[in-house]
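Dear colleague,

I am handing over the structure we spoke about, and below it I have set out what was found. Please read the text with the model open beside it.

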Amino acid sequence: MQPTYKKANNGANRLSDLVKPLSYKLFFNTDFKNFVYEGTEEIAISIPKPLTSIKINSNKIKFKDAKIISKGVSQDCKVKIEEKSKTATLSFNKSVSGKAVLLIAFSGINNDDMYGFYKSEYTGQNGEKEHILASQFEAADARAAFPCFDEPKFKATFDVTMEIPDDMLAISNMPIKSETASKGRKTVRFLTTPNMSSYLLFLGAGKFDRVNTSLGKLKISVLATPGKKQLCYLALDYAKKFISFYENYFGIKYPLPKVDLIAIPDFAAGAMENWGAITFRETAMLGTEKGSAISYKQQIAETVAHELAHQWFGDLVTMEWWNDLWLNESFATYMSFKAMEAVFPEWQMSMQYFDEVIATAFSADSLIYTHPISVDVSTPEEINEIFDEISYEKGGTFLHMLEDFATPKVFRAGLHSYLKVHSYSNATKYDLWNAIYKEALKSSVPNGKFIKEFANKWLDNVGYPLIKVKEGKQRARLSQQRFVISKPVSRRIDLQKWVIPIKYLSGNKVGFELMTKDGLEIAHKETDVLKLNYGQDYLYRVMYEKRNLEKLGMEIKSGRLSGLDAWGAENDLFALMRSGAVAAADYMEFVKSYCIGVGYPANASILSHIDWLDFMLYGTKLHDNAKSLGLAFAGEMLKKLGWDKKKNEKNIDSLMRSHSIRLLGQLGNQDVVKKANSIFSGYSSGKGDITPDLRSSIYATCAANGGSKLFETIMKMYKKAKNPEEKRRLLQTFGYFTGKAEIGKALRFCMSPEVRLQDSFVIPAVMSGNPRAMGEVERWTYANWLKLMKKYSVGTHMLPRYIENLSMCSSKKQYANVENFFNKKANFRGDIKISLQKTLERIMANSTFRSKNGI
């Protein structure tokens, strides 16, 4: 197992700074029959000193002609393709310097692998197969559409022209400038873009339904394939409200004259922030106010808000290189929840942030094999692998901490300054720190002088700290060390230190200290209860002595400690159990004694942790304890919430109802199973309905307790479903079946043409959390691995998911099987490297957990 994240050679695979693009004039002639396009481009470049060759990015592009023109002289270029580095070198006889123009004629293929300039198939309203063309260029796939300088720092303007069938619509980043039609074809020219990076360019063509609105002079549209118009209005409403919020918060108007939100039938990621032409999976954007589940509507809102935040953070100001990807993704993650909280305060998204974002950061960064938020990367494979929980959720958590540390006023003023100074340009993390630091000095905030040190420690360190508490009569001694789940907390992993703001509750008094060294003493009487990280704003674990933990438990049980601080205490205890420092029996006893009936987000966290214990303890002597706890905890929640939604009910209550029903059904509560089957029977026979908020949990409950007849019913429903939300929900349902025959059928089905490439990972992913199916998933993965490697190109970012499905394996034999199988040359590929190391570490941690608990 590799103990640390290996930094890449940051200079490898990079283009020279000696040539800089200034502008592109691009033309694409599309072919909707053969899906081979012809293209030409003029790239205006600047060359500070004489050169006789220029290296440019290109991947699977056929060069037909290449010339360079400088000072009125045209030269033919010799083209040398370098497939490994995805570059082409253009050589010419006479040296060129100053301003020049590259003229390139090329052709490419509209692949069906969801990267580059690709095709996406859908069924038209008449039942015939139709196609649209779309692009996905992040991180390094603009080069798969046309030769270019495909690095974020090489910003340039783009003039795009497309020739398409005259019954179709062309879409790019800017509004249409002109259209000319002739002989069933039309040429569409777009206005020139501002300075932007190549990965943000969008090319799209096809038949679309469109709905529109405006915000001042800004035109806002949502587009989807024909027949889905009614599913577009929800995202349109969200988009308008979120843009208004961002314009006010950032103090900068939306930078372009229009923004399109486009649902693509085949899309590898959740969404993509192409400037002014944002693309989405259908399931991430299409829904209705009354017909969609609350969880689904929140997901749509979060995705729309996330991508719109990118229009400022990422598009207007772009990181210089991918080591600062977090400047894009962390901000979009954090700002999306801030926007939702402002626009829909009744959703309580600032509270949901803890269980969705901060909890994910805690889990992802609890491994030895992790990486800093700001990390050196070089190759496209390495870049693709850092689109992960560290860049998104840990980065978002860091920003949550930074805002609290610097104060919201200073944080916002710093962001405004940063955006204004670096608009239409590139920036690094240091530019952001300087902006916030300057504002802090102006405002004389207490922690101002520590902002740079605080930020650099949390960005450049891997992992996060564990604070151990040792109580004395009048003082408590705190010590810090790195926390990981795969090593005992009695052993130091490394010598890293963090700057840690310690907000704490001692008795009924709130205190604050800044921990900058190994240890810290705080005022505290041992007779009082002590709660560190009071308010849970910071990313660290706490290990208390037993007597204080019991006092915390009593505070939780009495309701004197908030649901949020209860969440922190319970999360810390679960993590310590996960690492082997606390026995599973002791954790379950704590929850049973003190946490039944606890509020949100602690209740959501406990449901998830019982789910994990149900899996990890399945088939062992401790499983009955986990099952009994789950039935009691979820049973009390359902008793309180009831099956029916109440008037003006909070979103959180609806979410918890669904979660508790699913867990009770999974654990075999016969009353829940009977009622779920009755509701489903009425719905599937057309005699009743299921409220959208309960469909997932009822489907899952029925599947977990059903057989072949139900499997065939779900299959018919899936094939018949047209709504993307319902189709995805039914696909997930296949993962909950427990019979060997049904599991086998479901795994075969996910590889069939009836399941889109973008969705084919869903069934195995759900099954990997099903203890009754995991063995089959493991065997199926090995048996189908070569097919999976062929099915998913690097550009899809999807192959690593199948490695991660094995993270719940828990024996030394399974560890050896995974390690030996995937390290074979024929089975290894660069884009699975990080996922493989993380999966191996999780398996080892699972094995240690079982051993520590005598199972």
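What follows goes from the conventions to the core, the sheets, the helices and finally some backbone details.

This is a predicted model, in which local features need pLDDT of at least 70 and side-chain atom pairs count only at pLDDT 80 or more, while totals for chains, interfaces and linings use all residues. Residues are numbered from 1 along each chain as its sequence is written, and side-chain values use heavy atoms, with hydrogens and water left out. Helices (H or I, at least four residues) and strands (E, at least two) are DSSP runs, numbered from the N terminus.

I begin with the core. The largest nonpolar core, meaning a set of buried Ala, Val, Leu, Ile, Met, Phe, Trp, Tyr and Cys residues joined through side-chain atoms within 4.5 Å, holds 299 residues, of which Phe146, Phe149, Phe242, Tyr246, Phe398, Leu532 and Phe734 touch the most other members. Here buried means under 20% relative accessible area, exposed means over 50%, and partly exposed lies in between, with a 1.4 Å probe and protein chains only. Helix H1 (residues 233–250) gives the most to this core, with 11 residues. Leaving aside its neighbours within four places in sequence, Phe734 is in contact (heavy atoms within 4.5 Å) with Phe711, Ile714, Met715, Tyr718, Ala746, Phe749, Ile763 and Met767.

Next come the sheets, where two strands are taken to pair if DSSP finds at least two bridges between them. One open sheet is formed by five strands in the order S14-S15-S16-S18-S17, with mixed pairing. Its edges are strand S14 (209–215) and strand S17 (271–272), each of which has a single partner strand, so one side of each is left without a neighbour in the sheet. Helix H1 packs on this sheet and touches S14, strand S15 (218–224) and S16, its direction making about 25 degrees with that of S14; such angles run from 0 to 180 degrees between N-to-C directions, and the axes are lines fitted to C-alpha atoms, for helices over the stretch in contact. Within the sheet, strand S16 (residues 258–264) and strand S18 (residues 277–281) pair in the parallel sense over five bridges, and Ala263 stands opposite Phe280 in S18.

Another open sheet has four strands in the order S25-S22-S21-S27, again with mixed pairing, and its twist averages 30 degrees from one strand to the next. Strand S21 (residues 465–471) and strand S22 (residues 475–482) are antiparallel partners over seven bridges, with Arg482 in S22 as the bridge partner of Pro465. Strand S11 (residues 176–182) and strand S12 (residues 185–190) also pair in the antiparallel sense, over six bridges; they form a hairpin with two residues between them, and Lys183 in the turn has a positive phi of about 55 degrees.

Turning to the helices, the axes of H13 (residues 602–616) and H25 (residues 833–852) come within 12 Å and cross at roughly 80 degrees. The two are therefore roughly perpendicular to each other, where angles under 35 degrees count as roughly parallel, over 145 as roughly antiparallel, 65 to 115 as roughly perpendicular and the rest as oblique. Trp612, Leu613 and Met616 of H13 make the contact with Asn846, Phe849 and Arg850 of H25.

Helix H6 (residues 390–406) has 15 of its 17 residues buried, so H6 is largely enclosed by the rest of the structure, and Thr407, which follows H6, has a positive phi near 85 degrees. In helix H17 (residues 692–704) lies Thr701, which is buried, with a relative accessible area of 1%. Apart from neighbours within four places in sequence, Thr701 is in contact with Ile661, Arg662, Gly665, Val672, Val673 and Ala676.

Some backbone details deserve a look as well. The peptide bond from Glu138 to Ala139 is cis, with omega near 5 degrees, and Ala139 is found in the loop between strand S8 (129–136) and strand S9 (157–165). Tyr600 and Pro601 are likewise joined by a cis peptide bond, with omega about 5 degrees. Asn648, although not a glycine, has a positive phi of about 60 degrees; this residue sits in the loop between helix H14 (623–641) and helix H15 (651–666) and counts as exposed at 71% relative accessibility.

With best wishes
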